[in-house]
Amino acid sequence: MSARTALEHVDARASDKVSGIYRRSLTLNSGRFALIERSHEFVLAPWRPLLERVRGQLVTGQVGGEGISWSIGIKRGIGR
């Protein structure tokens with residue numbers, strides 16, 4: 001994927017926060033993943049069906065032991 005996207009791959013580990021633009025899903029031998037693009041790199045994170053509605057938009061997720069919990073779009077509030 002690095003050669004195709006011209007971006008560097010970065011691993012997402014448990015407790016990492018992942019944010020970027022959801023570009024597409026990928027089916028690999030180990031399961032289905034979301035390609036999350038950042039400025040000069042990309043992350044493969046566990047895919048969820050809700051991501052298809054927001055292709056091309058900003059997503060944020062918190063990686064946990066059972067997968068990832070996704071937030072969609074920009075959150076606004078005091079201190080942000």
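The exercises below, each with a worked solution, concern a predicted model of a protein.

**Exercise 1.** Establish how many helices and strands the protein has, and in which pattern they follow one another along the sequence.

*Solution.* Begin with the inventory, which comprises 1 helix and 6 strands. Next, read these elements along the sequence, which gives the pattern α-β-β-β-β-β-β. As a further step, consider the separation of the residues that meet: among contacts in the protein with a separation of 6 or more, 46% are between residues 24 or more positions apart. Finally, turn to the surface, where 29% of the 80 residues count as buried, and where the accessible area comes to about 5,400 Å², with 48% of that area belonging to carbon and sulfur atoms.

**Exercise 2.** Determine which strands pair with strand 5, in what sense they run, and which residues stand opposite V59.

*Solution.* Take strand 2 (residues 17-28) to begin with: it runs antiparallel to strand 5 (residues 58-64), and 5 bridges join the two. On this side, V59 of strand 5 is the bridge partner of G20. Then take strand 6 (residues 67-72), which pairs with strand 5 over 6 bridges, again in the antiparallel sense. Here V59 stands opposite I72 of strand 6. To complete the picture, note that strand 5 and strand 6 form a hairpin, with 2 residues between them.

**Exercise 3.** Classify T60 and Q62 as buried, partly exposed or exposed, and list their contacts beyond four places in sequence.

*Solution.* Both residues are to be located before they are classified: T60 has its place in strand 5, and Q62 lies in strand 5 as well. The relative accessibility of T60 is 17%, so T60 counts as buried, the limit being under 20%. Q62, by contrast, has a relative accessible area of 37% and is therefore partly exposed, since that class lies between the 20% and 50% limits. Leaving aside neighbours within four places in sequence, T60 is in contact with K17, V18, S19, S69, W70 and S71, whereas Q62 is in contact with S15, D16, K17, G67, I68 and S69. One of these contacts of Q62 can be followed further, for Q62 and K17 are 45 residues apart in sequence, yet their C-alpha atoms are 4.6 Å apart in space.

**Exercise 4.** Identify the residues that touch the most other members of the largest nonpolar core, and the elements that give two or more residues to this core.

*Solution.* The largest nonpolar core has 13 residues, of which Y22, I36, L51, V59 and W70 touch the most other members. Two or more residues are given to this core by each of strand 2, strand 3 (31-37), strand 4 (41-46), strand 5 and strand 6. As background, nonpolar side chains tend to be buried together in soluble globular proteins. Now follow I36, which, not counting residues up to four places away in sequence, touches V18, S19, G20, I21, Y22, E41, F42, V43, V59 and W70.

**Exercise 5.** Find where L7 is placed and whether L7 is buried or exposed, and then search for aromatic pairs and for a residue over the face of W47.

*Solution.* L7 belongs to the loop between helix 1 (2-5) and strand 1 (8-10), and its relative accessible area is 13%, so L7 is buried. Its C-alpha lies 4.7 Å from that of E41, although the two residues are 34 residues apart in sequence. The search of the whole structure for aromatic pairs returns 0. R32, however, lies over the face of W47, at 3.8 Å from the ring centre.

Conventions: Residues numbered from 1 in each chain as written. Predicted model: local features only at pLDDT ≥ 70, side-chain atom pairs only at ≥ 80, totals over all residues. Heavy atoms only, no water. Helix = DSSP H or I, 4+ residues; strand = E, 2+ residues; numbered from the N terminus. Buried < 20%, exposed > 50% of the residue type's maximum accessible area, 1.4 Å probe, protein only. Contact = heavy atoms within 4.5 Å. Areas by Shrake-Rupley, 256 points an atom, 1.4 Å probe, with all protein chains shown as cover. Pairing = 2+ DSSP bridges. Core = buried A, V, L, I, M, F, W, Y, C linked by side-chain atoms within 4.5 Å. Phe/Tyr/Trp six-rings, centres within 6.5 Å; stacked < 30°, edge-to-face > 60°. Lys NZ or Arg CZ within 6 Å of the ring centre and 35° of its normal.
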